[in-house]
Amino acid sequence: MNKQDNNLMEKIVSLCKRRGFVFPSSEIYGGFAAVYDYGTYGVELANNIKDVWWKAMVQGNENIVGIDSSIFMHPKVWEASGHVGGFSDPLSECRKCHTRSRVDHILEEAGIFADEKMSEEKINKLLVDNKKKIKCPKCGKSDFAPAKSFNLLVKSNLGNFTGDWDKSPVYLRGETCQGIYINFKNVLDSSRVRVPFGIAQIGKAFRNEITARQFIFRKREFEQMEMQMFVRPDEEMKMYEEWKKRRWQYYIDLGIKEKNLKWHEHENLVFYAKAAWDIEYNFPFGFQELEGIHARGDYDLTQHTKCSGEDLSYRDPITNEKYIPHVVETSAGVDRTFLAVITEAYMEEKVDKEIRVVMKFPKNLAPIKVAVFPLLKNKPDLVKKAREVYDNLKGEFMCEFDDNGNIGKRYRRQDEIGTPFCLTIDFDSLDNGDVTVRDRDTMKQDRIKIEGLKDYLKEKLEK
Ligand code: GAP
């Protein structure tokens, strides 16, 4: 799809709603900013994305194991990690309409380089120096109050029955990797891993993002796929370079065109990082972060050792050397990968003077692999045969039975949800025991014997 299409984002948002990929949360109550729900096909796509990542990390690497830690953790975790003190974005309020904006974003929109990790002093200087150039996104005025650091952690009252919960809040996790660090010793003691080894986790994270925009790109409740590789201190940067290469290749293997990927190095590093590069994707609104790859040194394990009193060092079983392992982190977002995959797949093609919208998902990511249609819904023999075919395939592939409307309409619907193969059972099927298989991408049709369908589809779907 042409990324210069100014309406591409609108088209994607509309298709996601119309075809059950993504719904705004609490829509019947007017929506809830920066929170979204995945619909029937969205949940399948998101699960397939998570499955590919898990296979690339845990199944494909002998020395990477998985965990699933809780969203709630002891409040001290977030003090130790530095999030209570330093996990913030610069916020400024428009003096005219009181809209709050992220200062680095409004500066960047005016063409001024800024970054959320800049000091308060530096970003305020930019705000003052460029006073006339930057405008409030709501009222268009240029009158901003000085920027303040706004902490992104989301508080809850879990386990607090006094009503005074602001004083001792329990946080919803702001990143999943803290659940990995606090389980470092448990994993080491209970599995057979030895340094260098990784722990992977997929799960929800929560942030009080100041501005809600760009659809599912910036959510307040989102999902991360994070892997922390624990390495010898002198191996950290070598391992870091290796993971940078591997993560780039991962996106190519996922079906993302290389021209739509770009590296971005962070000059102003976040409080824990020694090196930080992002892989950016060319979203409809431009290149933006898809995944962060960070060299975190011994920061996290040292902090948790200090604050918990538990020794999180590692003793090498061969050399007997004792050290705090350093961490190489790969941190990807499910939602941003979802948006990248959707953007990449969205195609408009001219067919018989009409525009066909088709989601050309890689077959392994497609929410539905096979759709089964009886040619006519009022012919019981056709419906019975089509049901038999559907029942026979559904244990093997994610299938959908559809007898609604004419075949052309059913093809259009399946194209829009990206189903690679549509099978039609017609009158010849009853006599010859075969069906028409229509290919999503070429729209070519083949006649295939019902008894050989499973093998045929398996082979085609693995390609
Ligand atoms: N543990 C490191 C960490 O959390 P990050 O750069 O803040 O680093 C990593 O986040 C990834 O999580 C991002 O590259 C992005 O894919 C995803 N992510 C972060 N904030 C997000 C948000 N508000 N909405 C959706 N995804 C987000």
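If we sort the shell around the ligand by class, we find 6 nonpolar, 5 polar and 11 charged residues, and I should say at once that this comes from a predicted model. In total, 22 residues surround the ligand, and the closest are Glu175, Arg207, Lys219, Glu226 and Glu289.

Let me go through some of the polar contacts with the ligand. A polar side-chain atom of Glu226 is placed 2.6 Å from a nitrogen atom of the ligand, and for Arg296 there is likewise a polar side-chain atom, this one at 3.5 Å from a ligand nitrogen atom. With Phe217 it is the backbone that takes part, since one of the polar backbone atoms of Phe217 is 3.3 Å from a nitrogen atom of the ligand.

How much of the ligand does the protein bury? Taken alone, the ligand exposes 560 Å², and the protein buries 94% of that area.

You may also want to know which elements give two or more residues to this shell. They are strand E10, which covers residues 221-231, strand E13, covering 286-297, and strand E16, covering 326-333. Of these, E13 supplies the largest share of the shell, namely 6 residues.

Now I turn to a sheet, and for those who are new to this, a general reminder: the strands of a sheet pair through backbone hydrogen bonds, and they do so either parallel or antiparallel. The sheet I have in mind is an open one made of 3 strands in the order E5-E4-E6, and its pairing is antiparallel. Strand E5, residues 100-102, and strand E6, residues 148-151, stand at the edges with a single partner strand each, so one side of each is left without a neighbour in the sheet. From one strand to the next, the twist averages 50°.

Let us follow strand E4, residues 88-93, as it pairs with E6 in the antiparallel sense over 4 bridges. Here Ser88 has Asn151 of E6 as its bridge partner, while Pro90 is partnered in E6 by Ser149. If you trace these on the structure, you can see the antiparallel sense of E4 and E6 in the numbering, with Ser88 matched to Asn151 and Pro90 matched to Ser149.

E4 also pairs with E5, again in the antiparallel sense, over 3 bridges, and in this pairing Ser92 stands opposite Ser101 of E5. What do E4 and E5 form, and how many residues lie between them? They form a hairpin with 6 residues between the two strands, and in the turn His98 has a positive phi of about 65°.

Key. Residues numbered from 1 in each chain as written. Predicted model: local features only at pLDDT ≥ 70, side-chain atom pairs only at ≥ 80, totals over all residues. Heavy atoms only, no water. Near = heavy atom within 4 Å. Polar contact = N/O pair within 3.5 Å; in protein donor to acceptor, adjacent residues only side chain to side chain. Areas by Shrake-Rupley, 256 points an atom, 1.4 Å probe, with all protein chains shown as cover. Nonpolar A, V, L, I, M, F, W, Y, C, P; charged D, E, K, R; others polar. Pairing = 2+ DSSP bridges. Axes fitted to C-alpha atoms, helices over the stretch in contact; angles between N-to-C directions.
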